[in-house]
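Reader: I am new to this structure and would like a close look at one part of it, the place where two of its helices pass each other. Please set that part in its wider surroundings as well.

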Amino acid sequence: MAGAKNHDYHILPADPWPLITSVSAFVMTTGLAFFMHDYPFGTYLLIAGFLGLIISMFSWFGNIIKEAHAGDHTPVVQLHQRYGMILFIASEVMFFVGWFWAFFDFSLFPSALTEVVDGQWPPKAIEAVMNPWDLPLLNTLILLCSGTTVTWAHHSLINGDRDGLKKGLWATVILGVVFSFIQAYEYMHAPFPFGENTYGSAFYMATGFHGFHVIVGTIMLIVCLVRAYKGHFTPKQHFGFEAAAWYWHFVDVVWLFLFVAIYIWGGAGAEYH
């Protein structure tokens with residue numbers, strides 16, 4: 001029969017959202033650059049591009065959910081979705097490798113940056129560093145607990161326990177929000193500013209981008225929680241939740257490296273704030 005589907009792949013129909021997403025991202029980043037250089041129209045471009053991205057994400061992701069409910073996400077399609085998420089997380093790993101590389105380059109070879117850090121690490125300009133055994137340790141415990149709660153939610157879903165799924169997601173979202181508030185408080189009371197030397201720049205860029213990833217992961221889990229209340233996800237088909245859980249575990253592991261490398265090892269020898 002002409003036009004009959006005789007394969008397990010999902011051929012996507014024409015969709016404007018990839019193009020709209022690309023244009024919106026270009027407008028937003030261009031507006032951000034203009035905003036940083038104090039051009040008056042930069043703010044408008046930034047807002048317009050951001051709103052375009054939000055609308056695109058809601059519409060595009062909504063289409064993907066409709067495809068899943070329509071049965072278009074066959075086992076072959078789900079396998080390729082997993083490959084895509086794995087590659088995305090791998091790219092995020094390399095993103096953080098760059099910040100770790102910068103931090104270790106600054107800290108291991110301070111003599112090469114004599115004019116910037118006075119040949120020592122932490123630099124002399126840093127009178128005190130974050131106490132890793134205070135709020136950073138608390139945030140470490142919070143993220144470790146959140147990793148167990150999201151795993152609880154996942155196992156509940158696999159075993160058909162939707163109540164456990166919702167409770168696990170609620171707990172994870174709350175822990176993610178608490179982590180973000182604690183980190184914001186930590187930044188507000190930090191003993192050193194951003195940008196005055198390599199220590200402050202590397203510290204805030206690495207931990208700040210991780211904080212941004214926590215916020216993104218929390219939003220992903222909130223979406224999963226809303227979908228759970230709408231009756232979405234089944235024990236055999238729940239890639240949307242699985243991808244969010246993978247991302248959250250990635251965020252947990254990155255924080256452990258940040259805690260050990262930047263908070264504990266990177267501040268060794270300096271006074272604690």
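Author: What follows begins with the whole chain, turns to the pair of helices, and ends with two loop residues.

This is a predicted model, in which local features need pLDDT of at least 70 and side-chain atom pairs count only at pLDDT 80 or more, while totals for chains, interfaces and linings use all residues. Residues are numbered from 1 along each chain as its sequence is written, and side-chain values use heavy atoms, with hydrogens and water left out.

The protein has eight helices and zero strands, where helices (H or I, at least four residues) and strands (E, at least two) are DSSP runs, numbered from the N terminus. Its C-alpha atoms fill a box of roughly 75 × 45 × 30 Å along the principal axes, and of its 273 residues 37% are buried, that is, under 20% relative accessible area with a 1.4 Å probe and protein chains only, whereas exposed means over 50% and partly exposed lies in between.

The pair in question is helix α3, residues 75-108, and helix α7, residues 198-229, whose axes come within 9 Å and cross at roughly 160°. The axes are lines fitted to C-alpha atoms over the stretch in contact, and angles run from 0 to 180 degrees between N-to-C directions. The two helices, α3 and α7, are therefore roughly antiparallel to each other, a word used for angles over 145 degrees, as roughly parallel is for those under 35, roughly perpendicular for 65 to 115 and oblique for the rest.

From α3 the contact draws on E92, F95, F96, W99, F103 and F106, and from α7 on T198, Y199, A202, M205, A206, F209, H210 and H213, contact meaning heavy atoms within 4.5 Å. The residues of this contact divide into ten nonpolar, three polar and one charged; Ala, Val, Leu, Ile, Met, Phe, Trp, Tyr, Cys and Pro count as nonpolar, Asp, Glu, Lys and Arg as charged, and the others, Gly among them, as polar.

Beyond the end of α7, in the loop between α7 and α8 (239-265), lies F233, which has a positive phi of about 75° although it is not a glycine. Most residues other than glycine have a negative phi. F233 is buried, with a relative accessible area of 7%. D38, in the loop between α1 (17-36) and α2 (42-69), also has a positive phi, of about 65°, but D38 is exposed, with a relative accessible area of 68%.
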